[in-house]
Amino acid sequence: MGEKTQHRLLLLLCLSGLVHCSAGMVFWTAVVEISYAKNDNETVDKYCECGVYGRNSPLAKASGIVTLPKGDPKGCGPDPVYNRNSSSPAWIALVKRGNCTFSEKINAAKSQGASGVVVYNVEGSGNSTTHMSHPDALEIVAIMIGNTQGMEIFKLVKNGTDVHMHIDMGSPHGPWMDTYWLYFLSIAFFIVTAASITYFVFISANRLYNLGIHRRAEKRLKSEAKRAIKRLQVRTLKRGDEETASDSHMCAVCIESYKAGEVVTVLTCDHIFHKACIEPWLLERRTCPMCKCDILKALGVEEETKETLSVESPPDATVITRHQHLYDNRAFEGESEAVRG
Ligand SMILES: [Zn+2]
Ligand SMILES: [Zn+2]
């Protein structure tokens, strides 16, 4: 399995884990609608999507007259907690958070026939709500609302107003709606982006560096090849020479037989080629096209370059001048000067 495939699988695994984890944290908001008659018989209707269904609550509608516990507004006291029973008109218990578990509060109302339970948050928490967990109180609609709204309804009911409440499903919300998750996702996104950019910068820098090394090496080899070519023997073929005598002698680069008057280069391995054919070849490949003999090694040019570099002295020109007069190849005179500095 390739490294890329492994990375993709890992990414998929992380994503599916995140999706699975997120699915478990989805919660439903509840639309809470209240209506009551004011002193002058005017009916007030209010509604907001400000409730959150409990984790163990059925996602269903519920409605009825809002009813407060008899004593403690937290609804934890001994039975019976409410002045209601199952034969009363439909009613919804409004209890404050605290003192006992959500399950206990909800069960106390359920046992007396409530059609739903609304828990409002503690003082000072404003409009915030919790995705409450009540594993021991099932099969009854239970939602939580904020303290501000809860207190408003509480006061109305306490003052003897009949408040009718209707609870309906709002919309699903995931962890991505949560501020904490937004922070977390932003930071994760930033880290992943930064890591990716760093990785690509590193890879690009590395490639550029290697390219630089490769180019320098190519340049060095080319200049060495030029020096080597200058030392090769160059002949002008004459009528009667062995090479012009028969068609069996031909240049392996252009596959043409030799003619009198043509200029040829003799490599260190004694193979002969047209000068114009072999010089570009040697600049690129530095080996004989027929026997693969390395002309840099054969002429000792590579060793000279290494020695020159290790001694840290200006490039030694003596070796070149020593051979300069042996052969008549002066094609790279100017460039050779440039190489030697
Ligand atoms: Zn040729
Ligand atoms: Zn050869």
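## A walk through the predicted model

Start by selecting strands β8, β11 and β12, which form an open sheet of 3 strands in the order β8-β11-β12, with antiparallel pairing. The edges are β8 (233–236) and β12 (272–274), each of which pairs on one side only. From one strand to the next, the twist averages 35°.

A word on what you are looking at: this is a predicted model, in which local features need pLDDT of at least 70, side-chain atom pairs count only at pLDDT 80 or more, and totals for chains, interfaces and linings use all residues. Residues are numbered from 1 along each chain as its sequence is written, while chains are lettered from A and ligands numbered from 1 in the order in which they are written.

Some terms will help along the way. Helices (H or I, at least four residues) and strands (E, at least two) are DSSP runs numbered from the N terminus. Two strands pair if DSSP finds at least two bridges between them. Axes are lines fitted to C-alpha atoms, for helices over the stretch in contact, and angles run from 0 to 180 degrees between N-to-C directions.

**Stop 1: around the open sheet**

Zoom in on β11 (residues 263–266), which is joined to β12 by 3 bridges, the two running antiparallel. Here Val266 stands opposite Ile272 in β12. Now add helix α6 (residues 275–285), which packs on the sheet and touches β8, β11 and β12. Contact means that the C-beta atoms of two residues, placed from the backbone, lie within 7 Å. The direction of α6 makes about 100° with that of β12.

**Stop 2: helix α4**

Next, select residues 179–231, helix α4. Its 53 residues should span 78 Å at 1.5 Å a residue, and its end C-alpha atoms are 78 Å apart, which agrees. The expected span is 1.5 Å times one less than the number of residues.

Narrow the selection to residues 180–202, which UniProt lists as "transmembrane region" in an unreviewed entry. UniProt positions are given in the numbering used here, feature names are shortened, and annotations may be inferred rather than shown by experiment. Over residues 180–202 the chain is 100% helix and 0% strand, with the end C-alpha atoms 33 Å apart.

Then move along α4 to its buried residues, among them Ser223, Ala225 and Ile229. A residue is buried if 20 or more other C-beta atoms lie within 10 Å of its own, exposed if 12 or fewer, and partly exposed in between, with C-beta atoms placed from the backbone.

Which residues of α4 meet α6? Show Lys222, Ala225, Lys226 and Ile229 in α4 beside Glu279, Leu282 and Leu283 in α6. The two helices pack at an angle of about 145°, with their axes 8 Å apart.

**Stop 3: the loop after α6**

Select Arg286, in the loop between α6 and α7 (295–299). Arg286 has a positive phi of about 65° although it is not a glycine. Most residues other than glycine have a negative phi. Arg286 is buried, with 20 other C-beta atoms within 10 Å.

**Stop 4: the barrel**

Now colour the 7 strands of the closed barrel, which runs β1-β2-β6-β5-β4-β3-β7 with mixed pairing. The twist in the barrel averages 40° from one strand to the next. Pick out β5 and β6, which pair in the parallel sense over 5 bridges. One bridge to find is that of Gly116, whose partner in β6 is Val141.

Add helix α2 (residues 102–111), lying across β4 (91–96), β5 and β6 and running at about 140° to β5. Helix α3 (residues 147–158) also packs on the sheet, touching β1 (27–37), β2 (43–53), β3 (62–67), β4, β5 and β6. The direction of α3 makes about 120° with that of β4.

Is Thr67, in strand β3, buried or exposed? Thr67 counts as buried because it has 22 C-beta neighbours inside 10 Å. Among the residues Thr67 touches are Tyr82, Arg84 and Trp91, not counting residues up to four places away in sequence. Show Val117 too: it is 50 residues from Thr67 in sequence and 9.5 Å away in space, C-alpha to C-alpha.

**Stop 5: Glu139**

Finish in the loop between β5 (116–120) and β6 (141–145), where Glu139 lies. The phi of Glu139 is near 60°, a positive value in a residue other than glycine. Glu139 counts as exposed, with 9 C-beta neighbours inside 10 Å.

Zooming out, the protein chain holds 10 helices and 12 strands, and 23% of its 341 residues count as buried.
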